[in-house]
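These are my notebook entries on a two-part reading: how the chains meet, and how charged side chains pair. I set down each look-up in turn.

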Amino acid sequence: MAGQLAPLLAVEGLKVHFHTRDGVVRAVDGVDFQVAPGQTLGIVGESGSGKTVSSLALLRLAPPPARIVAGRVLFEGEDLLRQSDKRLAQIRGRRMAMIFQNPATSLNPILSIGQQLTEILRWHTGVSRQAALDRAAELLALVGISDPAARLRQYPHELSGGMKQRVGIARALLCEPALLLADEPTTALDVTIQAQILDLLAELRQRLAMSMVLVTHDMGVVARMADRITVMYAGRVCETADAATIFNAPQHPYTRALLQSMPRIDHSYSGARRVLPSIAGRPPDLLHAPPGCRFHDRCPEAAPECRRVMPREHLLAPGHSVSCLRRGSPGEDAP
Amino acid sequence: MTPLLEVRGLRKHYRVAKRGMIERGQSGVVRAVDDVSFVLQAGQTLGLVGESGCGKTTTARSILDLVPADAGEILLDGRDVRPILAGTDRTAMLAVRRRMQYVFQDPYLSLNPRWTINEALREPLRVHAPQHQRDWDGRIAALLETVGLEPRNGVRYPHEFSGGQRQRVGIARALAVEPDVVLLDEPVSSLDISVRSQILNLLAALQDQLGVAYVYISHDLSSVRFISTHVAVMYLGRIVEIGAVDEIFARPRHHYTAALISAIPVPSPGAVDRRVHLRGEVPSAMNRPTGCPFHPRCAAALPICREQDPALQPMGPKTQAACHNPA
């Protein structure tokens, strides 16, 4: 189903580097992905894989010392990396909006919920204060907050974590964006609240025909939410495919190892010897990124060439791309 | 058979000042841990699960008297050690502490940044002195090897290690004095996913090797299922369901347990949605609902649930749940 539609968002060759005192950290080093209209793309990876920096870079929000050094972010016909700050401010929150990981720190503690929501609406659309308040109340009701009129007068500290995240979602949806970026939207929440928020996001996406980029380290969350999944490791994309393929027929050795290494809530481990297939070692330090494939020193299938040649993403089957020399990827041209 | 560790009626309440105009100056009670009891045999693992604020960490800390409990018994081999831990006889206290050790969630915060790893591991040996001083270096090297670290790296400082390696040090430090019980408070939560399985494997292997018993605290039910033989589910300071891990995961009887398990997204796309949807959020432990504390969120609540607080009752050969209308 993907592939036929013209993408709403196409990221090409994105590189975001951190210029630090100790050297250049290649946090995102040549990343491609696409999102079709109405589709949800899950970007999964461990801390340091570059998933959050990639998503922040889409709206040029990655904080210094991050620097976008290459690539294109094509969204609704414009390359966002080449637009003026003024133009970008028009797009942020209006066409592409973001939900942050920690609702406690992404809301302004000294503004009421109403002030925070109406400010955005009035800035983007110039509607009257009353119209903005009505719309804000409407959105709070949409995200399942009871007594919205009263909530508009409350401050963030008066709300629970789950409520704050609902406000964060309402804020992102105020202008009916075409694309919603959600960076670990449920990681800070308890599991039963996480389930409520995921239900809410799934329902809203349907109702508003929105596209979504969901960034998470939780394979369970992407299995439940995503149509397509991009797996990142050490600043590079390992594999992209539809969700069923990633889980049922993963091709990249990292994707496979990661899925196998997680204990499963639906498996019994009694009786048997308790050993999870684990990935030896740890993710590389990107200040000294290893040459060749970033995963080679932990990879059970690594060949000598993997130590020298960086694999380039190639199409294994329609809609399924992999970056692995052992799966037929060509080597990257020398930079 | 006398259990290795038995906790009976453990209670920890906090008095807190109420906020607000009218109630200012009055105090409320947070019942952080309320009448918690369980049994742990050598070589077993009890997984202690629940959402934040349910009292699982306070329970573990009260067992070691890191947080002094208000009431209850901590029976180690049948003897109540709570008075000893809280008492003034340092020798007796240390003898109990040696048998029960704690591994903290964040290995970075629980290691002294100015001590080398060797120094960190020497400390429990110095305090508890299970061996002669001349054997310490050999013991430290052996410990590092046991947890999968190179003994020659013992001269390094915590900041030179990754999170997974630091947690290995935390585990080595707990094992240094050959405890019978180790309380593990979210030991893998702060680690990268590809490193978590390494630490879980290490914990399982050490248990098989040493026969040590674990109390494993976590909100990650998948890792609980992997490491635990038994599981206790806590809600608002109470154990609401307890028993053998496979029975509880296969057939939870308390509706909160069912909701908790079904809230975990399974890594299989298109998995059949059998979720128990929960209304609302966990109430504050200060305003615990009357009757069954879970009734306002429970889809199976009966009128009796509003009035009478259910006690734990046998539900199967190896499980108990506190519910008037079990699933």
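I first fixed the criterion for a salt bridge: a side-chain nitrogen of Lys or Arg within 4 Å of a carboxyl oxygen of Asp or Glu. I also noted that the model is predicted.

**Entry 1. Salt bridges in chain A**

I looked up the pair Arg256(A) and Glu301(A), which form a salt bridge with their closest N and O atoms 4.0 Å apart. I then placed the two partners: Arg256(A) lies in helix α11 (residues 253-261) of chain A, and Glu301(A) in the loop between α11 and β11 (314-317), so that the pair links distant parts of the chain, 45 residues apart. Arg256(A) is partly exposed at 30% relative accessibility, and Glu301(A) is partly exposed at 24%.

I turned next to Glu184(A) and Lys51(A), whose side chains meet in a salt bridge of 3.9 Å, N to O. Glu184(A) sits in the loop between β7 (179-183) and α8 (191-208) of chain A and Lys51(A) in helix α1 (residues 51-58), so this salt bridge ties together parts that are 133 residues apart in sequence. Are these partners buried or exposed? I found Glu184(A) buried, with a relative accessible area of 6%, and Lys51(A) buried at 6% relative accessibility.

A third pair lies within one helix. Glu203(A) forms a salt bridge with Arg207(A), the closest N and O atoms being 2.7 Å apart. Because these residues are four apart in helix α8 of chain A, about one helical turn separates them. Glu203(A) is partly exposed, at 40% relative accessibility.

**Entry 2. Salt bridges elsewhere**

I recorded 32 salt bridges over all chains of the structure. In chain B, I noted a network of salt bridges that links Arg31(B), Asp34(B), Arg238(B), Arg288(B) and Asp309(B).

**Entry 3. Where chain B meets chain A**

How many salt bridges are there between chain B and chain A? I counted one, and Asp208(B) and Arg274(A) meet in a salt bridge at 3.3 Å, N to O. Between the two chains I also counted 16 residue pairs in polar contact, both residues being at pLDDT 80 or more. On the side of chain B that touches chain A, the elements giving two or more residues are α7 (193-210), α8 (221-227), α9 (245-250) and α10 (255-263) of chain B. The largest share, 11 residues, comes from α7(B). I sorted the residues on this side of chain B into 19 nonpolar, 15 polar and 10 charged.

The contact takes 44 residues from chain B and 46 residues from chain A. Together the chains bury about 3,700 Å² between them, with 54% of it on carbon and sulfur atoms. Ile193(B), Phe226(B) and Pro267(B) supply 17% of the area that chain B buries against chain A, more than any other three residues.

**Entry 4. Strand β9 of chain A**

I closed with strand β9 (residues 228-233) of chain A, where six of six residues are buried. Arg228(A), Thr230(A) and Met232(A) point one way from the strand, and Ile229(A), Val231(A) and Tyr233(A) the other way. β9(A) pairs in the parallel sense with strand β3 (residues 40-44) of chain A over four bridges, with Leu41(A) opposite Arg228(A). Six bridges join β9(A) to the antiparallel strand β10 (residues 236-242) of chain A, and Met232(A) has Val237(A) as its bridge partner there. These two strands, β9(A) and β10(A), form a hairpin with two residues between them, and Ala234(A) in the turn has a positive phi of about 50 degrees.

Key: Residues are numbered from 1 along each chain as its sequence is written. Chains are lettered from A and ligands numbered from 1 in the order in which they are written. This is a predicted model: local features need pLDDT of at least 70, side-chain atom pairs count only at pLDDT 80 or more; totals for chains, interfaces and linings use all residues. Side-chain values use heavy atoms; hydrogens and water are left out. Contact means heavy atoms within 4.5 Å. Buried area is the accessible area (1.4 Å probe) that two parts lose on being put together, summed over both. A polar contact is a pair of N or O atoms within 3.5 Å; within protein, one must be able to donate a hydrogen and the other to accept it, and residues adjacent in sequence count only if both atoms are side-chain atoms. Ala, Val, Leu, Ile, Met, Phe, Trp, Tyr, Cys and Pro count as nonpolar, Asp, Glu, Lys and Arg as charged, and the others, Gly among them, as polar. Buried means under 20% relative accessible area, exposed over 50%, partly exposed in between (1.4 Å probe, protein chains only). Two strands pair if DSSP finds at least two bridges between them.
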